[in-house]
Structure formats: C-alpha cells, structure tokens
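Got your viewer open? Let's take a walk through this chain together, one selection at a time.

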Amino acid sequence: TRHRVLAAAEKLQYAVSPSASRLAGGRTGTIAVVVPQITRWFFGTVVEAVEKFLHESGYDLLLYNLGGREQSRQRVLRTANLHKRADAIMLVATPLLPADVSALTALDLPGVTISSGTPVPGWPCVRIDDLNTARTATRHLLDLGHRRIAHISGYPHDALSFTAHAERRRGYQEAMLAAGLRPDPSLDVESQFTIAGGTRATAELLARGEPPTAIVAACDEMAMGALAALRDAGLRVPDDISVIGIDDHDLADVLSLSTVAQPAAEQGRLAARILLDPL
C-alpha cells in the first residue's frame, strides 16, 4: 500500500503543503513581525536579520508594515488579524496605545519587542542602553574640548516615536551636567527622525544666532541631514563644527560620520532566538 501511494504521488507530482501540515499539528510555523516603516535603515536591517534566522530555523516571517498609518495599526493589532496566522509576535520599535496592548495580550501568544516603543506585559525586550549610548556620544565631544554642544532628536509625539527619543535626550543632558555644563534649551531641537528632519533641525539651529561647535544627533540619519545643512551653510565638518550620530548606519563610513554603533542585526537575531526557544 505504501509503495502504491508513493508511486501515485510521484506520478501526480504531489507536494506536501507546509501550511496544511503545520496547522494539522497546531502550529503555523510563522512568526509575525510588525514594524512602523520598513524603508527605514534600522527596521530594514532588523527584519533582514530576523528573516535569515527564521529561515535557517525552518520558520517563515509574516511582515506587517504599519507605514505610519493608524488604519494599519488598528487592522493589525486590534482585530483578530494575527489569530491563527502566527505562532509568536515580534514588535520592532512599535509604539502602542492601551487598546493595542490589551488586544495583543488577549491573543495569548509568545512575543518580544525590539527597541521597545511600549512594553507589553510578560514580553521581554531586546534593546541597547539608549541612555548610556547618548552619554557616550556627548562625552566624546566633551573630551574633544567642545562646550557649546547641540542636540537634535525626533518629535516625542511622532508616529514613529519610541522610548529611544527620550532616553537619548536624557543621556545628552546628563553628560552635559556631569561636565558642569547646563544644557541650553536653545541648542535642543526636535524634528522628524529622518535625514530631512536632521537637515531642518540643523538649519533651525544655525538660524537661532550663535551656532554650536558640535552636534549630537539622536540617530545617524539625522546626523546625515545635519551634514547636508552644514555643507549648504558653508561650514566644514569637523573643522568648523563636529557631528556625531548613533547607529553605525551603512553609509556612516562613506560620509566619514563619527557614530556610536548600534548592533541592529544582532538585536534581530537575539529577539528571534528568544521567540523560538519556547516554541
């Protein structure tokens, strides 16, 4: 009987359906990954590392790109959209409203967050120490002799905002205070967490009067925008003004940008391992 079944399967070119086999065993073999915007360097780097780790472990990745759209957030996080579609959930720097947290908790699935926008009860979080990272960046400029140091960061109310904004600002302020310097509010500018946002923030800094001698950018993309604005203003980096970012973006070397490295891919691999271990 076995021989006849195998012969018929070969003749018909029958292939087992992985999804059907997994569902028969009560599993989907899929991990849902939610990101605010896939085109951003950090999110794309994390997702690529997660996908590779899951593939090597025999799992598939189901990607949800919110794209900054409230409609997408509600559809993905507050409906039964994830029910029976995934064995676990990963949120990458995704800010959550109380209703989102309640809906995710009700799914009763394993989960993990990366660079947490909002903690989910019972879910571990993989992230760098944003506070100490910003302290390190600021101390580097202080060690170079700078005292009039500016800080550019993302909007706290931005759709992509997450705890890194506030923690990195606090790290900058603490490093300044530890050096005996009172942070100057006129040197602290908010904008979008993007290259364009960094350009606008730096142009605003330069328009306020006496320019800083150095800038701490909350991410490399903002730092790149700062470099563009300074170039347009006829200022040389680092001769006239110093700039440091956070991330170690792929383009940091090309642009000769000083930066504090954030191991984005390693965060993705570690988060994936945390999810798969109990599964």
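Here is a tour that starts with the whole chain and then visits its parts.

**The whole chain**

This is a predicted model, in which local features need pLDDT of at least 70 and side-chain atom pairs count only at pLDDT 80 or more, while totals for chains, interfaces and linings use all residues. Residues are numbered from 1 along each chain as its sequence is written, and side-chain values use heavy atoms, with hydrogens and water left out.

Start by colouring by pLDDT, the predictor's confidence in each residue, from 0 to 100. The chain's mean is 89, and 91% of its residues reach 70 or more. Among the elements, helix 2 (residues 18-24) has the lowest mean pLDDT, 60, and strand 8 (residues 214-217) has the highest, 98.

Now zoom out. The C-alpha atoms fill a box of roughly 85 × 40 × 30 Å along the principal axes. You can find 10 helices and 10 strands in the chain; these are DSSP runs numbered from the N terminus, with at least four residues (H or I) for a helix and at least two (E) for a strand. Of the 279 residues, 47% count as buried (under 20% relative accessible area; exposed is over 50%, and partly exposed is in between, with a 1.4 Å probe and protein chains only).

**Stop 1: a five-stranded sheet**

Select strands 1 to 5. They form an open sheet in the order 2-1-3-4-5, with parallel pairing. The edge strands are strand 2 (60-65) and strand 5 (125-126), each pairing on one side only. Strands count as paired if DSSP finds at least two bridges between them. Next, pick strand 3 (residues 88-92) and strand 4 (residues 111-114), which are joined in parallel by four bridges. Look for Met90: across from this residue, in strand 4, is Val112.

**Stop 2: helix 7**

Select residues 163-178. This is helix 7, with 16 residues, and it reaches 22 Å from first C-alpha to last, close to the 22 Å expected at 1.5 Å a residue (the expected span is 1.5 Å times one less than the number of residues).

Which residues of helix 7 are buried? They are Ala164, His165, Arg168, Arg169, Gly171, Tyr172, Ala175 and Met176. These cover an arc of only 155 degrees around the axis, which puts them on the same side of helix 7 (the arc is taken from the directions from the helix axis to the C-beta atoms). On the other side, Leu177 and Ala178 are exposed. Just past the helix comes Gly180, with a positive phi near 80 degrees.

**Stop 3: helix 8**

Move on to residues 195-207, which make up helix 8. Gly197, Gly198, Ala201, Thr202 and Leu205 are buried here. Seen down the axis, the buried residues fall within an arc of 125 degrees, so they line one face of helix 8. Show what covers them, including strand 6 (149-154), strand 7 (188-191), strand 8 and helix 9 (220-232). Helix 8 is followed by Gly209, whose phi is positive, near 125 degrees.

**Stop 4: strand 9**

Finally, select residues 242-247. Why is strand 9 called largely enclosed by the rest of the structure? Because six of its six residues are buried. Ser242, Ile244 and Ile246 are on one side, with Val243, Gly245 and Asp247 on the other.

Add strand 8, which pairs with strand 9 in the parallel sense over three bridges. Ser242 is the bridge partner of Ala214. Then add strand 10 (residues 258-261), which runs parallel to strand 9 and is joined to it by four bridges. Ile246 stands opposite Val260 there.

Definitions and conventions: Contact means heavy atoms within 4.5 Å.
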